Amino acid sequence: MNSSDFSDELSALDAQALRRRRRVVDSPCAPELVVDGRPMLAFCSNDYLGLANDPALVAAAQEGARLYGIGSGASPLINGHMTPHALLEKRLAGFTGFERALIFSTGYLANLGVVPALVGRGDAIFSDRLNHASLIDAARLARAELNVYPHLDLSALEAALAASRAKRKLVVTDAVFSMDGDLAPLPEILALAERHNAWLLVDDAHGFGLLGPQGRGAAAHFGLASPRLLVMGTLGKAAGAAGAFVAGAENAVEWVLQKARTYIFSTAEPPLIAHALLTGIDLIEQGDARRQHLAALIAQLRGSLKLKRWRLLPSETAIQPLVIGDNAETMAVAGKLFERGLWVPGIRPPTVPAGTARLRITLSAAHSEAQVARLTEALTEME
Ligand SMILES: *Cc1c(COP(=O)(O)O)cnc(C)c1O
């Protein structure tokens with residue numbers, strides 16, 4: 001591994017079946033895609049409510065472009081903070097039930113900005129082992145002491161909190177874990193955080209728009225309220241567009257605005273996206289029928305997949321991981337499905353722990369029962 005042009009390193013990836021490849025999609029995000037010129041039925045996207053190409057959202061984006069143009073021109077603290085951003089922040093705060101919300105360009109940038117704004121040297125972070133990569137990178141950037149606890153192991157979390165002498169403590173967790181689809185017990189985690197004088201940052205990338213009344217998110221789902229609670233939600237998944245927000249108490253969010261470097265030193269989200277998202281939040285709020293249909297598809301998939309060797313993880317969310325185990329077998333199964341016109345991504349280490357390579361099936365309210373049946377029949381035949 002000493003070549004100067006990375007060819008040995010790339011060959012090593014090939015040898016372990018770890019080389020990642022992209023495909024070109026030549027149609028809007030939907031269950032039926034045109035991929036490299038071929039029609040495919042996809043179970044890949046995080047467009048859980050089918051809003052990414054919704055006509056109302058497209059019309060709102062066009063209106064936003066007409067009213068505000070394309071680019072914001074600068075970071076929010078220069079002149080990039082425009083009327084649709086301000087309206088969207090108010091709407092998000094009201095919708096999620098927090099005092100205030102702040103918009104970021106992506107969820108990755110939100111986490112990378114928020115965590116180092118809240119904690120630094122002399123402080124401590126307590127992070128679930130299966131948290132999203134953006135939270136892991138954010139913890140590194142913060143330079144606080146990092147305590148990783150085993151997945152959902154609250155006694156380990158409590159012991160680490162109790163033992164810590166850090167100035168400020170921050171617990172970070174996904175609400176819905178992105179590769180497993182399971183839910184964190186947020187009321188218990190918040191109670192632990194409060195008992196130990198810690199802050200809690202919840203990454204609600206896969207809960208916002210889906211969990212809680214009208215899709216208000218994980219905090220509403222569990223009825224959480226605390227001045228020490230911050231929630232990061234993404235706007236590129238169920239909300240169908242792009243971007244993210246952090247919501248919390250007035251002062252905490254104001255502090256993030258003052259300190260988050262990914263907010264201060266990055267161009268504000270295009271105003272047409274913020275404008276479109278005002279419609280996106282309305283569609284989420286009025287989206288009970290979409291959420292009910294999605295729940296029915298989840299039940300259909302789980303009820304109809306009868307497996308012998310492979311294992312469907314116990315998830316009640318739209319993320320339905322089918323663990324195959326071996327990297328090469330997982331990619332071979334994904335490849336065979338693809339040949340049959342079914343696109344389900346294979347997920348390998350390091351995205352998931354070694355030995356747990358899987359198909360990450362994601363369902364959307366845009367899928368039909370017949371489409372889910374096509375997938376379960378193919379999987380049953382291939383196992
Ligand atoms: C997708 C995701 C992010 C990043 O959000 P983007 O808007 O895609 O950058 C952060 N956290 C989790 C858990 C995610 O799944």
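Q: How far is an oxygen atom of the ligand from a polar backbone atom of Tyr108?
A: This is a predicted model, in which local features need pLDDT of at least 70 and side-chain atom pairs pLDDT 80 or more, while totals for chains, interfaces and linings use all residues. Residues are numbered from 1 along each chain, and side-chain values use heavy atoms, without hydrogens or water. For Tyr108, the distance from its polar backbone atom to the ligand oxygen is 2.9 Å.

Q: Which residue has a side-chain N or O atom 2.5 Å from a nitrogen atom of the ligand?
A: Gly107 offers a polar backbone atom, 2.7 Å from a ligand oxygen. The side-chain partner of the ligand nitrogen, at 2.5 Å, is Asp203.

Q: How much of the ligand's exposed area does the protein bury?
A: Taken alone, the ligand exposes 380 Å² (Shrake-Rupley method, 1.4 Å probe). The share of this area that the protein buries is 83%.

Q: Which helix gives the largest share of the shell around the ligand?
A: The shell holds two nonpolar, nine polar and three charged residues, with Gly counted as polar. Three residues of the shell come from one helix (a DSSP run of H or I, at least four residues), spanning residues 107-118. That helix is α5.

Q: Why do the buried residues of α14 lie on the same side, and what arc do they cover?
A: In α14, Asn327, Thr330, Val333, Ala334, Leu337 and Phe338 are buried (under 20% relative accessible area, 1.4 Å probe, protein chains only). An α-helix has 3.6 residues a turn, so residues three or four places apart point the same way. The buried residues share a side of α14 because the arc they cover around the axis is only 140 degrees.

Conventions
Buried < 20%, exposed > 50% of the residue type's maximum accessible area, 1.4 Å probe, protein only. Helix = DSSP H or I, 4+ residues; strand = E, 2+ residues; numbered from the N terminus. Arc of directions from axis to C-beta. Polar contact = N/O pair within 3.5 Å; in protein donor to acceptor, adjacent residues only side chain to side chain.
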